[in-house]
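Here are some friendly notes to read with the model open beside you. Take the points one at a time, and find each residue on screen before moving on.

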Amino acid sequence: MKFVHLLLAIFSFATIFAQNPSVNDSLEIRKIYDMSLLNGKSYDWLEHLSNDIGGRLSGSYEAQQAIEYTKAELEALGLDKVWLQPVMVPKWTRGSREYAYLQTGPGATTELDICALGGSVPTAPTGLKAQVIEVQGIEQLKEYGKENIEGKIVFFNRPMQADLIQTFKAYSGCVDQRYSGAMEASKMGAVGVLVRSMNLRIDDFPHTGSMSYGDLPEREQIPAAAISTQDAEYLSSMLKLNRETQVYLKMNCEQHEDVQSYNVIGEITGSEKPEEIMVVGGHLDSWDLGDGSHDDGAGCVQSMEVLRLFREIGYKPKRTIRVVLFMNEENGLRGGNKYAEVAREKGENHVFALESDAGGFTPRGFNFNSSEAQFEKITSWKSLFEPYLIHLFAKGGGGADIGPLGNSGNIVLAGLMPDSQRYFDYHHAANDTFEAVNKRELELGAATMASLMYLVDQYGLD
Ligand SMILES: [Zn+2]
């Protein structure tokens with residue numbers, strides 16, 4: 001090629017760029033995906049969080065280790081600012097392993113796979129033994145009346161609805177049994193609660209999760225445990241054979257005083273509109289049975305990766321971009337509430353927040369909590385995501401931790417939507433470990449998040 005032709009080629013290339021920002025955008029987005037897939041850091045970070053630290057329940061030593069580790073890693077990225085935001089969190093401990101068995105006859109017992117629900121009171125030191133009554137939910141519990149419930153263990157056994165394609169819908173259709181079951185059963189005179197695990201698969205893992213006694217006085221609070229789906233089926237079949245079937249339950253959990261903890265925050269200060277803040281985040285705490293790899297180690301490392309990817313490809317955001325690793329999503333949401341509270345006090349202007357808290361699976365798209373006009377603007381970027389098989393742009397949603405930010409101004413909240421079919425195989429259970437997360441899927445998620453952050457930064461959402 002002659003020199004003049006080369007010049008012409010460069011010139012026309014540059015003209016295309018100037019006239020058509022989407023060509024430039026698609027090249028930037030390509031760079032983001034390349035960097036994440038060829039030279040990503042998210043998987044290494046997750047490996048450390050999962051295998052070297054492990055489950056990070058609020059107020060635990062592991063949670064504190066995770067705070068220190070992620071802060072140090074963010075500092076190593078050379079961001080403009082990295083800091084810890086103090087927040088008091090509840091502390092609940094499981095104690096030594098729970099134990100339960102089913103009495104099938106005189107001296108004949110079968111062990112059941114159970115785990116205490118988060119926030120539950122323990123049983124008496126000698127345990128609890130009572131007849132079991134199965135119900136399909138809180139409504140049916142109330143229909144039975146006090147006379148049928150008094151002195152018994154209530155067994156909530158309504159399964160997640162398998163024909164719902166969006167498994168989060170199946171989850172929200174059932175989770176009232178876990179969250180409020182003990183409170184409602186106690187009002188009817190029950191002495192304990194077993195809840196079928198929030199899991200679409202039949203297996204041996206009990207899945208924990210938060211529960212609440214509402215305003216019940218301490219003496220009326222009854223122990224609550226999750227039972228594996230396999231043993232829920234088994235218990236149900238045994239109750240059909242013999243309604244007098246008894247279950248023994250022993251739980252050693254304990255609620256402590258609140259303790260000091262932190263949100264971990266890192267920032268790239270905007271070059272043109274530093275006062276406009278965009279947040280990307282996940283929650284750093286997790287349940288204690290597994291390593292919290294999908295929930296939500298994945299979301300944390302993906303969010304950290306967004307800022308690292310920008311630095312690596314040399315992208316300087318116009319707006320301020322913050323990664324926030326929220327503390328205590330699982331059993332209190334204190335971190336999310338604190339972050340929003342401080343933002344309000346400081347009069348900060350948050351324009352966008354993106355959370356990843358639905359597992360580290362293949363990304364499919366996002367959901368948005370926005371105005372109609374904002375949603376239209378976002379969906380105009382859809383074609384830029386098509387090469388990466390990202391196609392779902394849904395209305396409604398966001399994430400638990402960024403939710404409290406939503407009360408202020410014109411902010412758009414968004415949630416990464418990965419494929420959800422396998423999420424509840426692992427959610428809050430002992431098998432939520434590093435091996436359950438696929439490297440490429442995790443990295444694709446990080447790049448997908450970074451691409452959306454890039455576009456919002458480029459064009460705003462006004
Ligand atoms: Zn979560």
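1. Let us begin with a definition: rings of Phe, Tyr and Trp count as a pair if their centres lie within 6.5 Å. With that in mind, look for F168, Y171, F361, Y423, F424 and Y426, which form one aromatic cluster. Please remember throughout that this is a predicted model.

2. Staying with the rings, the structure holds 22 aromatic pairs. One of them joins Y315 and Y454, with 5.0 Å from centre to centre and 70° between the planes, an edge-to-face arrangement. This pair links distant parts of the chain, 139 residues apart: Y315 sits in the loop between α10 (293-312) and β12 (319-326), while Y454 belongs to helix α15 (residues 439-459). Are these two rings buried or exposed? Y315 counts as buried at 11% relative accessibility, and Y454 counts as buried at 1%.

3. Now for the charged side chains: a search of the whole structure finds 25 salt bridges. In one of them, E267 meets K81 with 3.5 Å from N to O. E267 is part of strand β10 (residues 254-268) and K81 is part of strand β1 (residues 81-93), so this salt bridge ties together parts that are 186 residues apart in sequence. The two partners are worth comparing by their surroundings: E267 is buried, with a relative accessible area of 3%, whereas K81 is partly exposed at 46%.

4. A second salt bridge lies within a helix. E184 and K187 have their closest N and O atoms 3.6 Å apart. Why are they about one helical turn from each other? The reason is that they are three residues apart in helix α8 (residues 175-187). As a general point, an α-helix has 3.6 residues a turn, so residues three or four places apart point the same way. E184 counts as buried at 13% relative accessibility, while K187 is partly exposed at 43%.

5. A third example is D425 with R201, where the closest N and O atoms are 3.6 Å apart. Here D425 is in helix α14 (residues 423-426) and R201 is in the loop between β7 (192-196) and β8 (224-227), so the contact ties together parts that are 224 residues apart in sequence. D425 is buried, with a relative accessible area of 12%, and R201 is partly exposed at 32%. Salt bridges can also share partners: K81, E267, R322 and E348 are joined into one network in this way.

6. Next, find the zinc ion. Which protein atoms are its donors? They are H283 (NE2), D295 (OD) and D357, which gives OD atoms twice, at 1.9 to 2.8 Å from the ion. In sequence, the donor residues follow the spacing H-x11-D-x61-D. H283 lies in strand β11 (residues 273-283) and D357 in the loop between β13 (349-355) and β14 (363-369), 74 residues apart, and the pair links these distant parts of the chain. Both H283 and D357 are buried. The four donor atoms subtend angles of 50 to 144° around the zinc ion, and the arrangement is therefore irregular.

7. Finally, trace helix α9 (residues 229-241). Its 13 residues reach 19 Å from first C-alpha to last, close to the expected 18 Å. The buried residues in α9 include T229, D231, A232 and L235. S236, M238 and L239 are buried there too.

Technical notes:
Residues are numbered from 1 along each chain as its sequence is written. This is a predicted model: local features need pLDDT of at least 70, side-chain atom pairs count only at pLDDT 80 or more; totals for chains, interfaces and linings use all residues. Side-chain values use heavy atoms; hydrogens and water are left out. A salt bridge is a side-chain nitrogen of Lys or Arg within 4 Å of a carboxyl oxygen of Asp or Glu. Helices (H or I, at least four residues) and strands (E, at least two) are DSSP runs, numbered from the N terminus. Buried means under 20% relative accessible area, exposed over 50%, partly exposed in between (1.4 Å probe, protein chains only). The expected span of a helix is 1.5 Å times one less than its number of residues. Donors are N, O and S atoms within 2.8 Å of the metal (3.2 Å for Na, K and Ca); water is not among the atoms, so sites may look incomplete. Four donors count as tetrahedral if all angles lie between 85 and 135 degrees; four count as square planar and six as octahedral if opposite donors are over 155 degrees apart and all others between 65 and 115; anything else is irregular. Rings of Phe, Tyr and Trp (its six-membered ring) pair if their centres lie within 6.5 Å; planes under 30 degrees apart count as stacked, over 60 as edge-to-face and the rest as tilted.
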